[in-house]
Amino acid sequence: MKNVFLSYADQDAPAAEELARLLKSRGFAVFVDTQELQPGENWARAVGDALSNADAMVVLLSPDAVASRSVQREIDFALSERRFKDHLIPVVLRPTSQIPWVLQKQHMIRASARRRPAAFRGLGNQRNLVE
């Protein structure tokens with residue numbers, strides 16, 4: 001089973017949960033902090049463990065996400081790990097001019113509210129997510 005880590009801002013949690021449901025229905029193990037963490041659990045340790053076990057990362061980008069230190073740390077982690085080469089997938093939920101430069105070099109999936117269902121369905125078939 002492929003382990004997928006979803007990186008997103010708190011404000012984008014509904015979209016993250018929607019994507020997680022779809023990916024789980026296709027057989028992926030998906031880490032979404034709001035679904036996996038229990039009250040009182042060590043958040044930093046759980047996120048670190050999930051990142052260490054992930055085969056791929058999907059980053060949901062929005063103005064809130066690019067302003068989030070947590071999202072930036074998760075992106076930095078993925079960029080520092082060889083196993084995430086070609087397995088770091090940026091998904092633009094809401095346009096922003098502040099997308100990290102390194103992600104601007106990659107093909108981004110556009111998933112505005114209107115296009116989101118089709119974009120999310122297509123994401124589950126992405127070669128760099130399933131291989």
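Student: How many bridges join β1 to β2, and do they run parallel or antiparallel?

Tutor: Keep in mind that this is a predicted model. Start a sheet with one pair of strands. Here β1 and β2 run parallel, and three bridges join them. For one position in that pair, look at N3, which stands opposite A29 in β2.

Student: What is the order of the strands in the sheet?

Tutor: Read across the sheet, not along the chain. The order is β2-β1-β3-β4-β5. These five strands form an open sheet, and the pairing is parallel.

Student: Which are the edge strands?

Tutor: Look for strands that pair on one side only. Here they are β2, residues 29-31, and β5, residues 109-110.

Student: Which strands does α3 touch?

Tutor: For a helix on a sheet, ask what is touched, then ask about direction. α3 packs on the sheet and touches β1, β2 and β3. The direction of α3 makes about 130° with that of β1.

Student: And where does α5 lie?

Tutor: Across β1, β3 and β4. α5 runs at about 145° to β3.

Student: At what angle do α3 and α5 pack?

Tutor: Take the angle together with the distance between axes. For α3 and α5 the angle is about 35°, and the axes are 11 Å apart. From α3, the contact uses W43, V47, L51 and S52. From α5, S70, E74 and F77 take part. By class, that contact has four nonpolar residues, two polar and one charged.

Student: Is the crossing of α3 and α5 left-handed or right-handed?

Tutor: Right-handed.

Student: Now the pockets. How much space lies in the second largest pocket?

Tutor: First, the general idea. Rolling a probe the size of a water molecule over the atoms shows where empty space is left. In this model, the second largest pocket holds about 160 Å³.

Student: Which residues lie nearest the centre of that pocket?

Tutor: Y8, D10, D33, S70 and E74, out of 16 lining residues. By class, the lining has eight nonpolar, four polar and four charged residues.

Student: Which element gives the most to that lining?

Tutor: β1, with three residues. β1, α3 and α5 each supply at least two. S70 and E74 of α5 serve twice: they help make the contact with α3, and they lie among the residues nearest the pocket centre.

Student: One backbone point. What is the phi of D86?

Tutor: Check the sign, then the residue type. D86 has a positive phi of about 70°, although D86 is not a glycine. Find D86 in the loop between α5 and β4.

How values were computed
Residues numbered from 1 in each chain as written. Predicted model: local features only at pLDDT ≥ 70, side-chain atom pairs only at ≥ 80, totals over all residues. Heavy atoms only, no water. 1 Å grid on protein atoms, 1.4 Å probe; cavity = no way out; pocket = protein on both sides within 12 Å on 5 of 7 lines; lining within 4 Å. Points joined across faces, edges and corners; volume = space filled by probe spheres on them. Helix = DSSP H or I, 4+ residues; strand = E, 2+ residues; numbered from the N terminus. Nonpolar A, V, L, I, M, F, W, Y, C, P; charged D, E, K, R; others polar. Axes fitted to C-alpha atoms, helices over the stretch in contact; angles between N-to-C directions. Left-handed = near helix turned anticlockwise from the far one by under 90°. Contact = heavy atoms within 4.5 Å. Pairing = 2+ DSSP bridges.
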